[in-house]
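Here are some short exercises to try with a structure open in your viewer. Have a go at each task before you read its solution.

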Amino acid sequence: MCAENPYIVFIHGLWIHPTSWIPWADRFAAEGYLPLAPGWPGVAKTVAECRDAPDAIADRGIEDVVNHYIGIIEELPSPPILVGHSFGGMIAQKLLGLGYGAGAVGIDAAQIKGVLPLPLSALHSTLPVFRNPANKHRAVSLTPEQFRFGFGNAISPEESDALWERYAIPAPGKPLFEAAAANFSLHSPAEVATDNQDRGPLLLIAGGKDHTVPKVITKSTLKQYRHSDAVTDYQEFPDRGHSLTIDAGWAEVAEFCLGWLRDRGL
């Protein structure tokens, strides 16, 4: 652990409210970290408020989210550790590559530019957005059944439905459209500075049963860092799905992250 207690910024992904990080924040605070879990721009304080006003988060793209977190980080005394899930994992990688983090953990992180595999389950998980091109500028909600496929496939239907009720919120379609077009765009917002030699350590975590970000995407992301000598580690939880940060097994993932941070001097 550093001499001064380090800040740690938790970054949520699409369809999950930032209050989902509260158990993580409490656990990391117990180890001396100073946790923050701010929402994306437009995300209200409660799940109910987000569901009542979905337009507040509509039409927010990757750069909007990155710049939002840069503004938060610039108010801190030193670069924090970044922990992100799903699209939050992509945002964490972008921030790390830009020099705004001391280290980062990307958990089931959304595909960055250069990642080519796109399994059928990932397409199925995002179909609620892509079925209508107008959704690029809208906020889209998942039904409990859609949430069960994309997030809760590795847990019981009852637990998945309870997680949907507790945490699920509308999400902007724009980041998904941007990521889908990344490999066809010269200057994609989904591009990450994977060749940065001076960045802090990065841990990529994959859930072996994840439908939304299958492990083949995370492994392909790992390969994008092959031109950098900076630390890039990989860990797989074979029996876990996309809900691995919020379901009953969240502590297993959190404890691994804490151990990795200690091992990497963070």
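First, a bit of vocabulary: Ala, Val, Leu, Ile, Met, Phe, Trp, Tyr, Cys and Pro count as nonpolar, Asp, Glu, Lys and Arg as charged, and the others, Gly among them, as polar. Keep in mind that this is a predicted model.

**Exercise 1.** Sort the lining of the second largest cavity into nonpolar, polar and charged residues.

Solution. Start with the list: the lining is made up of His12, Gly13, Leu14, Trp15, Ile16, Trp40, Val43, Ile57, Ile169, Pro170, Ala171 and Pro172. Next, pick out the polar ones: His12 and Gly13 are in the list, and both kinds fall among "the others" in our vocabulary. The tally comes to 10 nonpolar, two polar and no charged residues. The space inside this cavity is about 30 Å³.

**Exercise 2.** Now do likewise for the largest cavity: which residues line it, and how do they divide by class?

Solution. The structure has two cavities of 30 Å³ or more, and the largest holds about 40 Å³ of space. Around the largest cavity you'll find His12, Gly13, Ile16, Ser20, Trp21, His85, Thr245 and Ile246. Sorting them gives three nonpolar, five polar and no charged residues.

**Exercise 3.** Describe how helix α1 packs against helix α10.

Solution. Two packed helices are described by the angle between their axes and the distance between the axes. Begin with those values: α1 (residues 22-30) and α10 (residues 250-263) meet at about 40 degrees, and their axes are 11 Å apart. That angle makes α1 oblique to α10. As for handedness, the crossing of α1 past α10 is right-handed. Then look at who touches whom: α1 brings Pro23, Trp24, Arg27 and Phe28, while α10 brings Trp250, Val253, Ala254, Glu255, Cys257, Leu258 and Leu261. By class, this contact has nine nonpolar, no polar and two charged residues. Can't spot the charged pair? Look for Arg27 in α1 and Glu255 in α10.

**Exercise 4.** Which helices each supply at least two residues to the lining of the largest pocket?

Solution. Get your bearings first: the pocket's volume is about 340 Å³. Its lining has 26 residues, and the closest to the centre are Gln111, Leu118, Leu176, Ala179 and Ala180. The helices you're after are α5 (120-130) and α8 (174-180). Of the lining, α5 provides the largest share, with four residues. Finish with the classes: 20 nonpolar, six polar and no charged residues.

How values were computed:
Residues numbered from 1 in each chain as written. Predicted model: local features only at pLDDT ≥ 70, side-chain atom pairs only at ≥ 80, totals over all residues. Heavy atoms only, no water. Axes fitted to C-alpha atoms, helices over the stretch in contact; angles between N-to-C directions. Parallel < 35°, antiparallel > 145°, perpendicular 65-115°, else oblique. Left-handed = near helix turned anticlockwise from the far one by under 90°. Contact = heavy atoms within 4.5 Å. 1 Å grid on protein atoms, 1.4 Å probe; cavity = no way out; pocket = protein on both sides within 12 Å on 5 of 7 lines; lining within 4 Å. Points joined across faces, edges and corners; volume = space filled by probe spheres on them.
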